[in-house]
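Q: Got a minute to go through this model with me? I'd like to start with the fold and then look at a few spots.

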Amino acid sequence: MIFSTPIFVFGFLPAFLAAYYTLPKSARNWLILLASTLFFAWWRADALIVLYAIAGGSYLAGRVADKTANERTKTWAVRLGVTFNLLVLGWFKYTTFLLGNLNTALGGDALTVPEIILPIGLSFLTFQSISYIIDVARGDAPAAKRLSDFLAFSSLFPQLIAGPVLRYKDLAHQFEQRPHSLMLFTRGLRRFIQGLAMKLLVADSVAPLADRMFDLPDPTMAEAWLGAMAYSVQLLFDFAGYSAMAIGLGLMIGFRFPENFNTPYVSQSITEFWRRWHISLSSWLRDYLYVPLGGNRGGKVKTYRNLLLTMLLGGIWHGANWTFVVWGIWHGGLMAVERALGAKGRDTVWPKVIAWPLTMSFVILGWVVFRAETLSQALAMYAGMFGFNGMVMRPEIVTLTAPTELVFLVIGTVIAIAPRLSLPQVTLSPALQSAALSVLCFVALQARTASPFLYFQF
């Protein structure tokens, strides 16, 4: 079950909210746990074993780290808890990749490569669990008082599938007490509708265009750049739309989740881009990888190394594919270059006249290898982008391109870079805007049979 489907919008969500506001406050966390269990089980009931094993193991590790006065015991509780999470993630996400590459290196099929189905949301769940264990051990977060509370946090359905990456210390007090009001509920509903519109109206409309161009074996320059730009818009509106819906759902039941996007396509450097894109992941990588690796405390060379390693691991976290390795190195290398040029504490190190177009070129080039299924497909797109296959769109490709795809590509692009454009402000009342978007989303929900989120695969 995903947010952008009729079963969720017209079935699950209304039933959950009706039950939530009917029950007394003392029972609402239990309802969240039950609803989240049903939400996750809708995909695969057997995957609940993984979900609750990770949550239970992390809760136990955090409890030991919190209760013991022995530093050695605390250290081992953290090590075992973090290792357990990484082993589960590694088995489900990387076993097939590693064994497949090993078979290739050996020149045959000496090893049996199992078909392992990755539980949805596993990457987000493990990162949240690891941060919980570490924060409790550091004294930065309270240990969960009850296993049920931590289970509810771990399986919290608004953000379970694709984030934002939450930290227990930010939500612990909210499980104990959180505000409920008509104003807060209305804000949440409007935010949910905005996110749904981002997903259904923009991301899903340009998705066929991106898919078509990436599937071409020899795209021309116009086709390759059109496909890369379409994917850039699709990914932003898909993921930012999901985050907006998650934040809106949280507000409807009193939770305040952190913002996850802040107009990233107006960035004037890659360093700034990562302060605006997937903010919860960026801050997680900084606090639990970059800083522990030494951050910028060991001199320039070690700082560059730490930036590169952090982004490399961030790329690997996204998926078991060499494309993500290259993407992580690309961003880590660019951040290291910007740091060498004096990026710390500055929005950009590039000449002002080229800072934004240069940064967006870097981002779009990176999205190509991020989107590509193989390095060969990425190289084919790059060959097209640099003009090795001709310049203009071929007539048969023009014929296949629907006008609506181009219209929503333009709309999405304008919205994404609006803060950089001197456009007249056209404002609608929040109620009118929500009503209009609701009608459009209703039409889109009826017209489309499938609307998967891109970040489900991660």
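Q: What's the secondary structure of the chain, in helices and strands?
A: The chain has 18 helices and zero strands. Those are DSSP runs numbered from the N terminus, with helices (H or I) needing at least four residues and strands (E) at least two.

Q: And where do the coordinates come from?
A: This is a predicted model, where local features need pLDDT of at least 70, side-chain atom pairs count only at pLDDT 80 or more, and totals for chains, interfaces and linings use all residues. Residues are numbered from 1 along each chain as its sequence is written, and side-chain values use heavy atoms, with hydrogens and water left out.

Q: What's the radius of gyration of the chain?
A: It's 23 Å, which agrees with the value near 23 Å for a compact globule of 458 residues. That is taken over C-alpha atoms, and the globule rule is 2.2 Å times the number of residues to the power 0.38. Along its principal axes, the C-alpha trace spans about 65 × 55 × 50 Å.

Q: How many of the residues count as buried?
A: 53% of the 458. Buried means under 20% relative accessible area, exposed is over 50%, and partly exposed is in between (1.4 Å probe, protein chains only).

Q: OK, the core. Which residues touch the most other members of the largest one?
A: Phe8, Phe16, Tyr132, Phe192, Tyr265, Trp277 and Trp367, out of 139 residues in that nonpolar core. Helix H9 (residues 221–252) gives the largest share, 18 residues. A nonpolar core here is a set of buried Ala, Val, Leu, Ile, Met, Phe, Trp, Tyr and Cys residues joined through side-chain atoms within 4.5 Å.

Q: What is Phe16 in contact with?
A: Leaving aside neighbours within four places in sequence, Phe16 contacts Leu31, Ile32, Ala35, Phe157 and Ile253. Contact means heavy atoms within 4.5 Å.

Q: Switching to H6: mostly covered or mostly open?
A: Mostly covered: seven of the eight residues in H6 (residues 147–154) are buried. Among them are Asp149, Phe150 and Phe153.

Q: What covers them?
A: The cover includes helix H2 (25–41), helix H3 (48–67), helix H5 (122–138) and helix H7 (168–176).

Q: Last one: is Glu272 buried or exposed?
A: Buried, with a relative accessible area of 6%. Glu272 lies in helix H10 (residues 270–276). Setting aside neighbours within four places in sequence, Glu272 is in contact with Ser267 and Asp347.
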